[in-house]
Protein chains: 2
Amino acid sequence: MTDRPARPLTLRDVSAASGVSEMTVSRVLRNRGDVSEATRKKVLEAAQTLGYVPNQIAGSLASQHVNLVAVIVPSLSNMVFPEVLTGINQVLEDTPLQPVFGVTDYMRDKEERVLYEMLSWRPSGVIIAGLEHSDATQAMLQNAGIPVVEIMDTDGNPVDNMVGISHRQAGLDMAKAILKQGYSRIGFMGTSMPRDHRARKRFEGLTEGLAKAGIEIEARDFYEGGSALAKGREMTKTMLDANPDLDFLYYSNDMIGAGGLLYLLDEGIDVPGQIGLAGFNGVELLQGLPRQLATTDACRLEIGRAAAEIIRDRNAEGADQSPKHITLTPTISYGDTLRRALRA
Amino acid sequence: MTDRPARPLTLRDVSAASGVSEMTVSRVLRNRGDVSEATRKKVLEAAQTLGYVPNQIAGSLASQHVNLVAVIVPSLSNMVFPEVLTGINQVLEDTPLQPVFGVTDYMRDKEERVLYEMLSWRPSGVIIAGLEHSDATQAMLQNAGIPVVEIMDTDGNPVDNMVGISHRQAGLDMAKAILKQGYSRIGFMGTSMPRDHRARKRFEGLTEGLAKAGIEIEARDFYEGGSALAKGREMTKTMLDANPDLDFLYYSNDMIGAGGLLYLLDEGIDVPGQIGLAGFNGVELLQGLPRQLATTDACRLEIGRAAAEIIRDRNAEGADQSPKHITLTPTISYGDTLRRALRA
DNA sequence: TTGAAAGCGCTAACAA
DNA sequence: TTGTTAGCGCTTTCAA
């Protein structure tokens with residue numbers, strides 16, 4: 001066990017220890033240019049025994065290249081964003097690029113601060129959730145001079161690239177599916193909306209889809225914070241007590257939907273006969289519930305991968321710099337809670 | 001909408017635009033030293049209209065200070081680490097320090113690579129999960145010359161600081177609780193162990209605690225990957241089919257425990273009368289299940305906060321640099337699945 | 001294949 | 001209160 005060094009090691013130290021110029025040491029450590037096998041070995045050995053770790057700060061300043069990709073998401077605590085990050089990781093793992101994550105807690109001003117912090121490191125790209133940003137954030141993205149990918153949502157105008165699904169369409173499609181199964185008295189439960197634009201758009205899509213059939217949502221309720229599963233239980237009870245005639249409940253995410261499902265099963269209510277249910281996200285976590293909740297797969301992994309691929313490709317030499325707009329098509333899985341027609 | 005600049009702006013540009021020296025511009029932008037209100041205003045205005053974002057790379061190189069804290073965890077996809085990160089975030093939010101996350105997927109060599117990458121940015125501290133690392137990782141942590149906090153686990157020897165709980169003790173305590181409630185034929189289900197040292201230590205603690213009463217674990221099973229809830233169902237069925245006499249099942253995490261619980265309820269098995277259950281972590285997510293699963297709270301948020309506080313304090317001027325070893329005491333919540341004694 | 005010189009954009013230290 | 005000088009540790013460029 002050696003003492004802690006007072007000063008981190010530099011190239012100069014490796015140069016001195018190996019008897020090779022700093023420049024050549026640098027070349028060896030980066031596998032650049034032609035270096036003889038002999039000096040190569042000397043350098044590597046010296047670096048190893050000293051325990052040298054290169055200083056990327058100096059390196060990046062000199063080369064004007066930073067192998068960081070800023071990734072900005074609203075939250076890590078629900079199941080959706082970790083999976084997006086996994087997709088990003090998967091793709092960037094095979095490149096020199098490294099993702100750096102920032103969290104906004106669904107707050108515009110925090111998003112602004114986080115982006116500013118990240119841009120000050122001069123990353124090689126930005127992946128950011130959503131299309132709704134403050135003016136300052138928009139301006140920063142616009143002027144950053146690096147590829148930007150706005151992810152998750154495609155209902156709006158991106159600054160540069162865009163990968164996601166249409167949440168309005170997801171709401172519309174769910175409305176169609178619900179109606180087709182013969183449900184008509186619909187309740188909606190979700191997160192408090194001003195903060196979550198994608199949930200809002202799904203809600204609007206649902207409303208519009210039902211309106212086409214002359215149907216209005218009969219009840220709605222929104223929550224903030226707390227255990228989603230427990231909230232789903234509570235809200236479902238409250239809503240059904242107040243609106244006993246409802247025959248379908250659409251939830252803005254799978255967790256509260258699962259809470260609702262467990263509540264209905266506890267109460268002995270016939271699902272999907274008396275009441276149908278659907279959530280949103282396609283959270284794998286929930287496989288294993290007594291019944292499979294109907295849901296829309298949000299293509300999270302795929303979105304992460306596609307976004308990372310855009311950043312990767314844009315950073316390649318001679319890359320096509322034209323913006324890519326990718327709209328993925330989510331599929332509805334009917335599970336065991338959206339099948340009334342089959343019982344007829 | 002302005003054009004994308006070919007070259008990012010520099011202090012020099014702000015200096016030119018404001019007619020103030022680079023140095024003074026720098027002072028204004030960092031709120032350092034005395035600057036007259038007049039020049040301050042001039043500078044801020046120029047920076048604003050140009051849309052200048054400082055270059056931290058150059059700044060950090062010059063000042064030899066990097067306000068980054070490296071945070072290295074095995075995974076983002078189970079509920080436990082996001083909550084640790086939340087705790088870290090909470091504390092660092094009020095400081096100039098910024099967390100940067102890295103993920104190891106429970107792989108030693110990946111941990112090594114990620115740490116190397118992060119150290120090359122010369123962060124002001126490292127927070128890393130677990131006490132078991134490769135020799136190279138140990139050496140890097142040892143020689144980094146910055147505060148290091150190893151978190152989650154306290155059964156071992158840290159390089160520097162340590163914050164966590166004793167998983168051996170958690171296993172022992174659970175054994176005691178199980179025995180006290182009159183259970184005696186115990187099965188264990190968990191993650192594949194070589195990769196998860198903390199689960200292994202809980203298992204060892206449990207084994208030891210039971211051994212004191214002359215009891216041996218009768219069945220055990222391990223899983224990898226897949227939806228934990230579904231795995232919990234499957235494994236529980238398999239184990240009970242093969243060992244119908246078991247009267248208690250201890251799971252290495254709450255999700256598979258919840259899967260087991262749902263399975264038993266489906267089968268109409270009396271919980272906790274015929275079979276008792278316990279998980280681990282104290283995952284808030286699961287509130288809302290039909291019965292509350294017994295569990296041990298892993299103090300995740302608190303661990304994150306304490307670790308961040310150590311890094312913060314160590315980076316303060318004139319800070320006490322002596323290593324801190326903090327062992328938190330987890331509490332068992334009995335829920336509705338560890339109460340056989342009450343039925344007697 | 002190797003080395004020397006210059007400079008990346010900023011800030012510490014000092015001078016005015 | 002403001003400005004000047006030097007240099008952080010590396011890489012680019014050019015010369016040997």
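**Figure 1. Strands 4 and 5 of chain B are joined by five bridges.** In this predicted model, strand 4 covers residues 148-153 and strand 5 covers residues 161-165, and the two run parallel. Within this pairing, Ile151(B) stands opposite Val163(B) of strand 5.

**Figure 2. An open sheet of six strands in chain B has the order 2-1-3-4-5-11.** The pairing in this sheet is parallel. Strand 2 (98-103) and strand 11 (325-327) of chain B are the edge strands, and each pairs on one side only. From one strand to the next, the twist averages 15°. Strands of a sheet pair through backbone hydrogen bonds, in either a parallel or an antiparallel manner.

**Figure 3. A second view shows an open sheet of four strands in chain B, ordered 7-6-8-9.** Pairing is parallel here. Strand 7 (219-223) and strand 9 (276-278) of chain B each have a single partner strand, so one side of each is left without a neighbour in the sheet. The twist from one strand to the next averages 15°.

**Figure 4. Strand 6 of chain B pairs with strand 8 of chain B, and helix 9 of chain B lies across both.** Strand 6 (residues 186-191) and strand 8 (residues 248-251) run parallel and are joined by four bridges. Phe188(B) has Tyr250(B) in strand 8 as its bridge partner. Helix 9 (residues 197-212) of chain B lies across strand 6, strand 7 and strand 8 of chain B. The angle between helix 9 and strand 6 of chain B is about 170°.

**Figure 5. Helix 6 of chain B packs against helix 7 of chain B.** Helix 6 spans residues 108-119 and helix 7 spans residues 135-143; their axes are 9 Å apart and meet at an angle of about 25°. Because of that angle, helix 6 of chain B is roughly parallel to helix 7 of chain B. Their crossing is left-handed. From helix 6, the contact involves Glu111(B), Glu112(B), Leu115(B), Tyr116(B) and Leu119(B). These meet Ala136(B), Thr137(B), Met140(B) and Leu141(B) in helix 7 of chain B. The contact residues comprise six nonpolar, one polar and two charged.

**Figure 6. Chain A contains 13 helices and 12 strands.** The radius of gyration of chain A is 26 Å, whereas the globule rule gives 20 Å for 344 residues, so chain A is more spread out than a compact globule. Along its principal axes, the C-alpha trace of chain A spans about 85 × 45 × 35 Å.

How values were computed. Residues are numbered from 1 along each chain as its sequence is written. Chains are lettered from A and ligands numbered from 1 in the order in which they are written. This is a predicted model: local features need pLDDT of at least 70, side-chain atom pairs count only at pLDDT 80 or more; totals for chains, interfaces and linings use all residues. Side-chain values use heavy atoms; hydrogens and water are left out. Axes are lines fitted to C-alpha atoms, for helices over the stretch in contact, and angles run from 0 to 180 degrees between N-to-C directions. Angles under 35 degrees count as roughly parallel, over 145 as roughly antiparallel, 65 to 115 as roughly perpendicular and the rest as oblique. A crossing is left-handed if the near helix is turned anticlockwise from the far one by less than a right angle, and right-handed if clockwise. Contact means heavy atoms within 4.5 Å. Ala, Val, Leu, Ile, Met, Phe, Trp, Tyr, Cys and Pro count as nonpolar, Asp, Glu, Lys and Arg as charged, and the others, Gly among them, as polar. Two strands pair if DSSP finds at least two bridges between them. The radius of gyration is taken over C-alpha atoms; the globule rule is 2.2 Å times the number of residues to the power 0.38.
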